[in-house]
Amino acid sequence: MKILFTKTALGLLALGAVLSSCSKREQSQKTGITYNDKNNGGYERFRQSHPSPGPGLVPIEGGTFVMGGSADQDITYDYNNVRRRVTVPSFYMDETEVSNQDWLDYLHWINITFPQDRELYYNAVPDTLVWRHPLSYNEPYVDNYLRHPAFQDYPVVGVTWDQAQAYCSWRTDRTNENILRETGKLVAWKDQGKKGGGGDAGIAANGQPFNTDIYLNGQMTGAGVDGKKMMPNLSPNAQAGTGKGGKAVRPVRMEDGILKQAYRLPSEAEWEYAALALAGNTQFENIDDGKMYTWNGLGVRSAKKKTRGLIMANFKRGSGDNAGVGGYLNDKADITAPVRSYAPNDFGLYNMAGNVNEWVADTYRQTSFEEFEDFNPFRGNEFSNKRLADPSKGLYAKDKYGKPIKDPAHSNKKLKYSELLALQQQTTAAQSANPNAPLATSQTGSLPVDSLLPKNSGKAYTPDARGEKDEVNKALYGTTTLVNDHSKVYKGGSWNDMAFWLNPATRRFMDQDEASAEIGFRCAMTLVGAPEINPNGKPHYPVKKAKPFKAR
């Protein structure tokens with residue numbers, strides 16, 4: 001069987017599905033129709049495989065664990081991490097924190113793609129003033145930490161939760177665009193800027209940069225965009241295209257398995273599970289030894305012969321002791337340290353304790369441990385739908401940066417097509433003067449959305465009843481609590497924290513618009529398919545293939 005593999009510029013094999021060209025094609029298990037045959041309608045089936053992680057990520061095999069279980073006692077008396085057994089699905093996570101160089105790549109792309117948009121660039125620059133304190137001389141860090149080459153491998157700080165989310169979105173699009181250009185599905189990098197090549201780096205023929213959602217919806221194709229090695233189009237409705245010999249071709253689809261899932265912030269449960277890395281202490285589901293930190297043992301010094309006595313993370317050992325005594329610095333760092341400093345944990349992740357705290361995706365609530373689901377727990381869902389510019393053609397509406405405009409979801413189930421059209425017509429009429437504004441919900445009283453929903457659906461859909469719009473929270477906000485829907489969780493401890501905060505179960509929160517010299521982040525990615533990362537040598541039931549249908 002001949003199989004075509006896709007290869008990224010980073011040398012990663014895209015283990016996504018590709019068409020099989022063998023003579024004995026697979027058949028539908030339910031109808032007997034042969035797949036990948038242009039003569040019978042062009043039904044397509046792709047090789048099922050375990051997708052590889054995106055650049056910078058390592059696989060984390062999920063499972064059950066006791067969230068909050070590594071905390072020996074609630075020293076702060078916050079009662080916000082009550083032990084709860086949960087299950088975390090397998091996922092991918094960044095090997096290291098996002099570094100200053102990674103962020104400079106982001107800023108460079110904005111500068112060359114939108115050179116006239118100073119607001120976009122300004123909003124993406126981290127707040128370097130987080131280093132400034134009235135009774136401390138930290139001005140050299142204000143001026144140098146982000147941009148000087150000496151700090152390029154240090155974790156980026158001064159980044160808000162919102163900025164981290166924007167970086168994840170940008171990273172998703174650049175990774176998928178690079179895969180498509182390097183494999184010939186889009187115009188190659190070297191041909192950008194040439195006649196018919198689509199303009200400057202990363203700019204499509206329509207003057208807007210590549211966006212994964214827009215591309216997958218078929219809105220990014222044509223002259224100056226199509227590559228020389230696009231996917232063959234087997235549909236009987238396909239027209240002659242730009243393929244070799246005028247053969248019909250098409251853009252990549254999700255079903256091809258070539259594009260990566262979106263980069264995102266990890267959930268709090270994912271982050272804590274990955275930091276503990278109990279898989280290193282597990283044999284046949286028996287956990288031999290628990291952990292207080294991301295390493296084994298109850299102390300913070302190495303017990304190994306070659307590194308015996310060395311501090312195992314970058315944290316504040318005591319009041320006024322951020323580095324140790326000159327001549328033998330205890331953790332070899334006064335502020336942050338390079339992102340690959342110290343030994344990785346059993347999942348291969350660096351600095352899951354110390355160096356910088358890390359943003360996670362969750363919205364903070366003290367009672368989350370009592371309320372969230374025990375499978376893939378997460379608090380902070382804001383469900384949305386992509387706005388349609390042309391419902392009859394299924395085309396997404398785009399903002400000025402080429403991204404799909406998203407509106408709040410108004411139902412917890414699939415709407416009827418007539419309801420979808422009615423809602424779309426209302427959106428168009430109400431926002432013709434301001435096309436980039438989100439659709440108002442019925443809670444704001446701006447639009448009568450409820451009248452468009454199914455009769456039995458009740459009020460407009462809200463995923464979390466006790467949000468910042470809740471009357472109880474409104475009465476208490478600013479009086480007895482500062483917690484609202486903008487309060488986001490961060491974890492891990494930093495270079496300026498005591499050892500207590502290195503425990504993976506500890507949790508704190510800060511407003512999503514604020515930044516700190518002690519908070520950075522790393523990205524995660526959803527793993528699709530079978531959860532087992534490495535089944536070799538483990539007992540399992542084999543998955544049998546269906547027997548081919550034979551017509552009589």
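Trp103, Tyr167, Leu265, Trp359 and Phe521 touch the most other members of the largest nonpolar core, which has 32 residues. Helix α1 (100-113) gives this core its largest share, six residues. The model is predicted. The protein chain holds nine helices and 22 strands. Of its 552 residues, 45% are buried. Among contacts with a separation of 6 or more, 67% join residues 24 or more positions apart.

**Nonpolar cores**

- Four elements give two or more residues to the largest core: α1 (100-113), α2 (118-124), α4 and β14 (357-363).
- A second core lies apart from the largest one. This other core has 26 residues, including Phe65, Met93, Ala274 and Ala277.
- In soluble globular proteins, nonpolar side chains tend to be buried together.
- Phenylalanine 521 belongs to the largest core and is among the members that touch the most others.
- Beyond its neighbours within four places in sequence, phenylalanine 521 is in contact with Glu97, Val98, Trp103, Val156 and Val159, among others.
- The contact list of phenylalanine 521 also includes Ala164, Tyr167, Leu265, Glu358 and Trp359.

**Helix α4**

- Helix α4 covers residues 161-182.
- Its 22 residues should span 32 Å at 1.5 Å a residue, and the end C-alpha atoms are 32 Å apart, so the two values agree.
- The helix is mostly covered, with 17 of its 22 residues buried.
- Glycine 184 follows α4. Its phi is positive, near 85 degrees.
- α4 is also one of the elements that give two or more residues to the largest core.

**The cysteine pair 168 and 523**

- The closest cysteine sulfur to that of cysteine 168 belongs to cysteine 523, at 3.5 Å.
- The relation holds in the other direction: the sulfur closest to that of cysteine 523 is in cysteine 168.
- A disulfide needs the two sulfur atoms within 2.5 Å, so 3.5 Å is too far for a bond.
- The count of disulfides comes to zero.
- Cysteine 168 counts as buried because its relative accessibility is 1%.
- Cysteine 523 is buried as well, with a relative accessible area of 0%.

**A four-stranded sheet**

- Four strands form an open sheet in the order β20-β19-β14-β21.
- The pairing in this sheet is mixed.
- β20 (508-511) and β21 (519-520) are the edge strands, and each pairs on one side only.
- β19 (residues 487-491) runs antiparallel to β20, and four bridges join the two.
- Valine 489 stands opposite phenylalanine 509 in β20.
- β14 serves in this sheet and also gives two or more residues to the largest core.

**Asparagine 322**

- Asparagine 322 sits in the loop between β11 (286-287) and β12 (324-325).
- Its relative accessibility is 19%. Buried means under 20%, so asparagine 322 counts as buried.
- The side chain of asparagine 322 reaches the backbone oxygen of tryptophan 495 at 3.4 Å.
- The side chain of asparagine 322 also makes a polar contact with the side chain of asparagine 496, at 3.2 Å.
- Leaving out residues up to four places away in sequence, asparagine 322 touches Phe315, Lys316, Asp331, Ala333, Asp334, Trp495 and Asn496.

Note on methods:
Residues numbered from 1 in each chain as written. Predicted model: local features only at pLDDT ≥ 70, side-chain atom pairs only at ≥ 80, totals over all residues. Heavy atoms only, no water. Pairing = 2+ DSSP bridges. Buried < 20%, exposed > 50% of the residue type's maximum accessible area, 1.4 Å probe, protein only. Polar contact = N/O pair within 3.5 Å; in protein donor to acceptor, adjacent residues only side chain to side chain. Contact = heavy atoms within 4.5 Å. Expected span 1.5 Å × (residues − 1). Core = buried A, V, L, I, M, F, W, Y, C linked by side-chain atoms within 4.5 Å.
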